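Visitor: May I ask for a close look at a single part, namely the interior of this protein? Please explain how its pieces fit together, step by step, for someone in the first year of study.

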Amino acid sequence: MPSQKKRIINLIDNCKKLTSDLHYVHAENKPYFFVPEHLSWRLDFTNGDLEFIGNIGSFSQFDHLRNINFHTFINLIKRCFVTVHIELIEQIIEITFRQFNKKNNQFHFQILLPMRLSNEYYYVKQTICPVHLKGRLTALIFENIPIKSYNNENYEIACFTNYKFEPALHKKITSQLTAPDLFTESQKCAITFIKMKLTAEEIAQRQNKTKAAVYKLNRKILEKLNNFFELDFENVQQAVDYYCECFITG
């Protein structure tokens, strides 16, 4: 699997190719967008630039984010969610290119995710809005609203068509996102039972193992999830529930 940086570069390069016939797009022809949030960027597919379009004061704690590139912007996201977020953006671009001209649909996507905007992580509501010019996708707007300091809230996605929540689109996108492959086959089997809220004794009976073996396996799963999410879960049930809520949503 290509590195995250390579995937970001490929994403931008592909968008440039898809919009290579848009040589007529100039600054004066860019449509106007009212963006009330102060942390908003426009990713221009014609040149790959990330333009800050927000409105923050000179002494804001977020002032250092004015002139970042797209790679830096993506890496503001907590690292355990970066890969799935890149996949989401790739799907948004593909869906918008394929369906906009056919149905004249207007899509936007809301994501709740942790981002390091200053010296701490914030739980951010990020709205991604495709931008069209003469029926072609030319950019994505990323509007970001810090809600609160991040603790252990989930990564969540909501998909909208013509400003209405679209369950079918949501299921299509989330079912194609790749959950991080952290576990051995034995651990995956154990996670299936943990998701069912079975006790260690019940899991031991189903797997023909001792309770001690199940406890050992559960400790390894808990350790992996603590390290991956950089959180301290109280127990393996809590850790597995969080993993499933973040990544198994389809």
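**The interior, seen through its aromatic residues**

Guide: Let us begin with Phe70, which touches Ile8, Ile12, Leu43, Leu50, Ile89 and Phe142, leaving aside residues up to four places away in sequence. Please keep in mind throughout that this is a predicted model. Phe70 is one of the four residues, with Phe73, Phe81 and Phe229, that touch the most other members of the largest nonpolar core, a set of 74 residues. Helix α3, residues 82–103, supplies the largest share of this core, with nine residues.

It helps to place that core within the whole chain. The protein chain has 250 residues, of which 47% count as buried. Its framework consists of eight helices and seven strands. Among the contacts in the chain with a separation of 6 or more, 61% are between residues 24 or more positions apart.

The aromatic rings give a clear example of such distant partners. Across the whole structure, a search finds 20 aromatic pairs. One of them joins Phe81 and Phe229 in a tilted arrangement, with 6.0 Å from centre to centre and 45 degrees between the planes. Phe81 belongs to the loop between α2 (70–74) and α3, whereas Phe229 belongs to helix α7, so this pair ties together parts that are 148 residues apart in sequence. Both Phe81 and Phe229 are buried. Phe229 also pairs with Phe233, this time edge-to-face, with 6.1 Å between the centres and 85 degrees between the planes. Phe229 has a relative accessibility of 0%, so it counts as buried. Phe233, with a relative accessible area of 9%, is buried as well. These three rings are part of one aromatic cluster, formed by Phe81, Tyr155, Phe183, Phe228, Phe229, Phe233, Tyr242, Tyr243 and Phe247.

We may now turn to a helix and ask which of its residues face inward. In α5, which spans residues 185–195, the buried residues are Gln187, Ala190, Ile191, Phe193 and Ile194. Because they cover an arc of only 160 degrees around the axis, they lie on the same side of α5. The elements that cover these buried residues include α6 (200–207), α7 (211–229) and α8 (236–247). Helix α7 thus appears twice in this account: it holds Phe229, and it helps to cover the buried residues of α5. After α5 comes Lys197, whose phi is positive, near 65 degrees. Not every residue of α5 is buried: Cys189 is partly exposed, with a relative accessible area of 33%.

Cysteines raise a further point. A disulfide is a covalent bond between the sulfur atoms of two cysteines. This structure holds zero disulfides. Cys246 illustrates the reason: the closest cysteine sulfur, in Cys80, is 7.3 Å from the sulfur of Cys246, and this is too far for a bond because a disulfide requires the two sulfur atoms to be within 2.5 Å. Cys246 is nevertheless buried, with a relative accessible area of 3%.

For contrast, consider some residues that are not buried. His38 is placed in the loop between α1 (4–18) and β1 (39–44). With a relative accessible area of 30%, His38 is partly exposed. Leaving aside residues up to four places away in sequence, His38 touches Phe52, Gly54, Asn55, Ile56, Phe62 and Pro146. The last of these, Pro146, is 108 residues from His38 in sequence, yet the two C-alpha atoms are 9.8 Å apart in space.

Another loop, between β6 (156–161) and β7 (164–165), contains Asn162. This residue is not a glycine, although its phi is positive, at about 50 degrees. At 36% relative accessibility, Asn162 counts as partly exposed. Tyr163 is found in the loop between β6 and β7 too. It has a positive phi of about 70 degrees, again without being a glycine. Tyr163 is exposed, with a relative accessible area of 62%.

Finally, one aromatic ring is accompanied by charged groups. The charged end of Arg116 sits over the ring of Tyr121, 4.4 Å from its centre. The charged end of Lys78 also sits over the ring of Tyr121, at 5.9 Å from the centre.

Key. Residues numbered from 1 in each chain as written. Predicted model: local features only at pLDDT ≥ 70, side-chain atom pairs only at ≥ 80, totals over all residues. Heavy atoms only, no water. Buried < 20%, exposed > 50% of the residue type's maximum accessible area, 1.4 Å probe, protein only. Core = buried A, V, L, I, M, F, W, Y, C linked by side-chain atoms within 4.5 Å. Helix = DSSP H or I, 4+ residues; strand = E, 2+ residues; numbered from the N terminus. Contact = heavy atoms within 4.5 Å. Arc of directions from axis to C-beta. Phe/Tyr/Trp six-rings, centres within 6.5 Å; stacked < 30°, edge-to-face > 60°. Lys NZ or Arg CZ within 6 Å of the ring centre and 35° of its normal.
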